Amino acid sequence: MLNSKIPAGSLDKKWEDYKGHCKLVNPANKRNMEVIIVGTGLAGASAAASLGELGYKVKAFCFQDSPRRAHSIAAQGGINAAKNYQNDGDSVFRLFYDTVKGGDYRAREANVHRLAEVSGNIIDQCVAQGVPFAREYGGLLSNRSFGATQVQRTFYAAGQTGQQLLLGAYSALERQVALGNVTMYNRHEMLDVVVIDGKARGIIARNLITGQLERHFGHAVLLCSGGYGNVFYLSTNAMGSNVTAAWKATRKGAFFGNPCFTQIHPTCIPVSGDHQSKLTLMSESLRNDGRIWVPKKQNDTRKPSDIPEDERDYYLERRYPAFGNLVPRDVASRAAKERCDAGYGVGSSKQAVYLDFAFNMDRYGRIEASKRQLSNPTPEEIRKLGKEVVAEKYGNLFDMYAKITGENPYEVPMRIYPAVHYTMGGLWVDYELMTSVTGLYALGEANFSDHGANRLGASALMQGLADGYFVIPYTLGNYLADDIKTKPISLDHPAFVEAEKNVQSTIDKLMNIKGTKSVDHFHKKLGKIMWDKCGMARNEQGLKEAITEIQALRKEFWSDVRIPGEANEFNPELEKAGRVADFLELGELMCVDALHRRESCGGHFREESQTDEGEALRDDNNFSYVAAWEYKGESQFELHKEALEFVECKPTQRSYK
Amino acid sequence: MEHYTMNLTLKVWRQKNTGTQGKFETYPVSGISSEMSFLEMFDVLNERLINEGKEPIAFDHDCREGICGACSMHINGRAHGPWAGTTTCQLHMRAFKDGDTITVEPWRAGSFPVVKDLTVDRGAFDRIIEAGGYVSVNTGNAQDANNILVPKDKADAAFAAAACIGCGACVAACKNSSAMLFVSAKVSQLALLPQGQPEKKTRALNMIAQMDKEGFGSCTNTGACEAECPKEISLTNIARLNREYIAAGFTYEK
């Protein structure tokens, strides 16, 4: 059944052996092979550039007006790599181990080890491209810490690491466009995969400017379309981030892995009102220098500056002395929710905790004063010097916070609350990143493979670029080597005609509903169901209710949504409608998955399964597997299990105390 | 912060597509919270237009946190509106007061044709990058990252230039519709770094040639681009681009 194709041999030799033995495609044949790539974020852009460099004929698609705008651009804090530049004991094994443990033992060991192995190459590649990472005065690269690790292995470019990495990959992509190896299709949205004789052979895409449907052939199709956090309506994702490409693949037979594994990020700016359209992350790197606290007294309405030190509860430092404010995201998020639910929340909504920089600003100010040999510096001088240090590290984040909230975080603590951020689940893929449909691949956040039930900070960028730069160039060749005799298939093939007809009829159906409610109306309702019942804490009753409610909402959507304008023009409402229609199906599957997994692990917290101290309690005897769901028709999903074997990292109760 | 609600009048550019004539339409909007972002105010208006059976206003937007560069509104005659160093999506309604009339237009530049309403086509920027906005290094070619030493001040200056989000505000703000700030940001980033040296001459020459081909205007050093840039890209980058371009022109050997 589910063959994950993990190579034999010891864990640290698997990838090397694979590379040594996989099939190759000679350069002349590569020029005749066409590859379709959907999405141009870190995974898609790096794959398109690398495959173009190898000589494949690449067609890349993005729904944005330029590939540079993919949502990888918004990643803030950094990218991990096992370089051990800081001589603090890091190694490939430690990065691998931290990632498997951080994922609460629900990731595939072989994939994670490969990720750790290539992590160093990514940094080398990006630096060679001219990515301006932060540096020390000696000209060497600088590192910082991130959650759940005790080494400094995170490379960064202020709070704009994702931007700089994506622009590096984007420029490599544009270079291949100039050379004619990659054809770029901006403002195009993939609306179906075309499968011929059991193999993915192309896509149907809609030109978003003209509304025309287009058929595109490819010997293979790579989905690099990101995560599905927007199923919650409010998330840190971009407004356009969607599950459509992955969901169309699911409906064509690709299995969906661990759909309920969602990451709720602990440090986001709290919701301010019903008008809210998205949530903004404040990078996890801030937890290096910010201390999280709430008042010790319930419903304390004093200003933070009026609450004396001994009346503050630094609850992460209290509960988790070993990792303190740098516990993993799932742990930090649940702890914030616990405090707020117990009545200790702050701000007008009481759904927030403080993230306070005063302590470390003072510490940095003293260090700077000492460096400058200022004897007896005044508190004002210390403050000014400390502020300069913090501004250099996190300036853009502080500015962003100030613009959104109207408060100055240099003066008053930030107010933060958890928000949906990343989805560990995604299309099930084997070791070669191929989905259960032959010739259809999924890279980056769109696949399920490397992060288990909880992703560690600064690992998403690493995975996207690992898949695109260093994994797919080998694994795709291994598949295409057997396909060199396949000539481009005519776009008049019945499978293309049929797929386009189906897409067209869905669009016609949507346009003809002519109901009374906007797409956003349904999206917000779906988001509320998901957040309340399939969010930070889940239980059997809530999930069952959610499934019924989503089914009813979906019915209402298909009878009452209103889409203005025409189908054959630039129509953002129609685009949104198609995406929300897919979210309405995915949301149900997420609840089905969450319901079946009667254990807590990582970001998936089932209230029925917790330790006496309220920590997530895994059930390794019954749930140490990947849940890969097969679509069998509306509301019908069949479960396939891929058992997880742990050779190097023996599962234990995760402890950050 | 004190919150307040306000009633506003919006004058918005409506244009069906590239080939048709556009015009301003006036919309009263009420009950807008000072905590909303500018685009959330547009969401409220669009929701109302949909409920009234009218066509909502099309505008580009995606990340809504000031980094993707998609949003692009010309607000009361200023690219991205009244706040310095801020994209449209990060502009909040605190910037306005009850009773204000706000005029919203798309970027106005011949090289950025209007797609619909407030949405424009900025494909010219991608083509300028294609002309040379990269280091020619294939995947797998790289040496160990710490073998390349970059002085911190140079790395910081390269980063400041690389922070450009490609939104096009510099072009929209310029009376000549010049793209010099955009081009200079990329040329500067790579000219400041050792990795960019081998191709520095062709990069400057080819990117400028493409910029001219796209129909962007010349730079007359007015500085409007720097004033309106949401990422506060410095005008000194243009000076550096001019130096790179002139030096390349004098010494290029092909």
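Pairings, helices and a contact between two chains

Visitor: In this predicted model, which residue of β15(A) does Ile264(A) stand opposite?
Guide: Strand β11(A) covers residues 262–268, and β15(A) covers residues 414–423. The two strands run antiparallel and are joined by five bridges. Within this pairing, the residue in β15(A) opposite Ile264(A) is Val420(A).

Visitor: What is the strand order of the open sheet of five strands in chain A?
Guide: Pairing in this sheet is antiparallel. β11(A) and β13(A), the latter at residues 312–313, each have a single partner strand, so they stand at the edges with one side lacking a neighbour in the sheet. Read across, the order is β11-β15-β14-β12-β13.

Visitor: At about what angle to β11(A) does helix α9(A) run?
Guide: Helix α9(A), residues 329–341, lies across β11, β12, β14 and β15 of chain A. Its direction relative to β11(A) is about 65 degrees.

Visitor: Which strands stand at the edges of the sheet of three strands in chain A?
Guide: The sheet is open, antiparallel and ordered β6-β7-β8. An edge strand has a single partner, so one of its sides has no neighbour in the sheet. That description fits residues 188–196 and 213–217 of chain A, which are β6 and β8.

Visitor: Which residue of β8(A) is the bridge partner of Ala205(A)?
Guide: β7(A), residues 199–207, and β8(A) run antiparallel and are joined by five bridges. Ala205(A) has as its bridge partner in β8(A) the residue Glu214(A).

Visitor: Which helix lies across β6, β7 and β8 of chain A?
Guide: The helix asked for covers residues 494–513 and runs at about 140 degrees to β6(A). It is α13 of chain A.

Visitor: How far apart are the end C-alpha atoms of α5(A), and what span is expected?
Guide: The helix has 21 residues, and at 1.5 Å a residue the expected span is 30 Å. α5(A) does bend by about 35 degrees at Val118(A). The separation of its end C-alpha atoms nevertheless agrees with the expected span, both being 30 Å.

Visitor: How many residues of α5(A) are buried?
Guide: A residue counts as buried if 20 or more other C-beta atoms lie within 10 Å of its own. α5(A) is largely enclosed by the rest of the structure, because the number of its 21 residues that are buried is 19.

Visitor: Which residue just after α5(A) takes a positive phi?
Guide: α5(A) covers residues 109–129. The phi just after this helix is about 95 degrees, and the residue that takes it is Gly130(A).

Visitor: Is Asn258(A) buried or exposed?
Guide: Asn258(A) is found in the loop between β10 and β11 of chain A. It has a positive phi of about 45 degrees although it is not a glycine. Burial requires 20 or more C-beta neighbours. With 30 of them inside 10 Å, Asn258(A) counts as buried.

Visitor: How many other C-beta atoms lie within 10 Å of Lys5(A)?
Guide: Lys5(A) sits in the segment before α1 of chain A, and its phi is positive, near 55 degrees. Lys5(A) is partly exposed, and its count of other C-beta atoms within 10 Å is 14.

Visitor: How far apart in space are Glu556(A) and Lys517(A), C-alpha to C-alpha?
Guide: Glu556(A) lies in helix α15, residues 540–560 of chain A, and is partly exposed. In sequence, 39 residues separate Glu556(A) from Lys517(A). In space, C-alpha to C-alpha, the distance is 9.7 Å.

Visitor: Which helix gives the most to the side of chain A that touches chain B?
Guide: The contact takes 65 residues from chain A and 69 from chain B. Six helices of chain A, α3, α5, α6, α11, α12 and α16, each supply at least two residues of the side that touches chain B. By class, this side has 27 nonpolar, 22 polar and 16 charged residues. With nine residues, the helix giving the most is α6(A).

Visitor: Which residue in β5(B) is the bridge partner of Leu10(B)?
Guide: Chain B has eight helices and seven strands. Strands β1(B) and β5(B) run parallel and are joined by four bridges. β5(B) also pairs with β3(B), in the antiparallel sense, over two bridges. In β5(B), the partner of Leu10(B) is Ile102(B).

Notes:
Residues numbered from 1 in each chain as written. Chains lettered and ligands numbered in written order. Predicted model: local features only at pLDDT ≥ 70, side-chain atom pairs only at ≥ 80, totals over all residues. Contact = placed C-beta atoms within 7 Å. Nonpolar A, V, L, I, M, F, W, Y, C, P; charged D, E, K, R; others polar. Pairing = 2+ DSSP bridges. Axes fitted to C-alpha atoms, helices over the stretch in contact; angles between N-to-C directions. Expected span 1.5 Å × (residues − 1). Bend = angle between axes of the 7 residues up to and from the residue. Buried ≥ 20, exposed ≤ 12 C-beta atoms within 10 Å, placed from the backbone.
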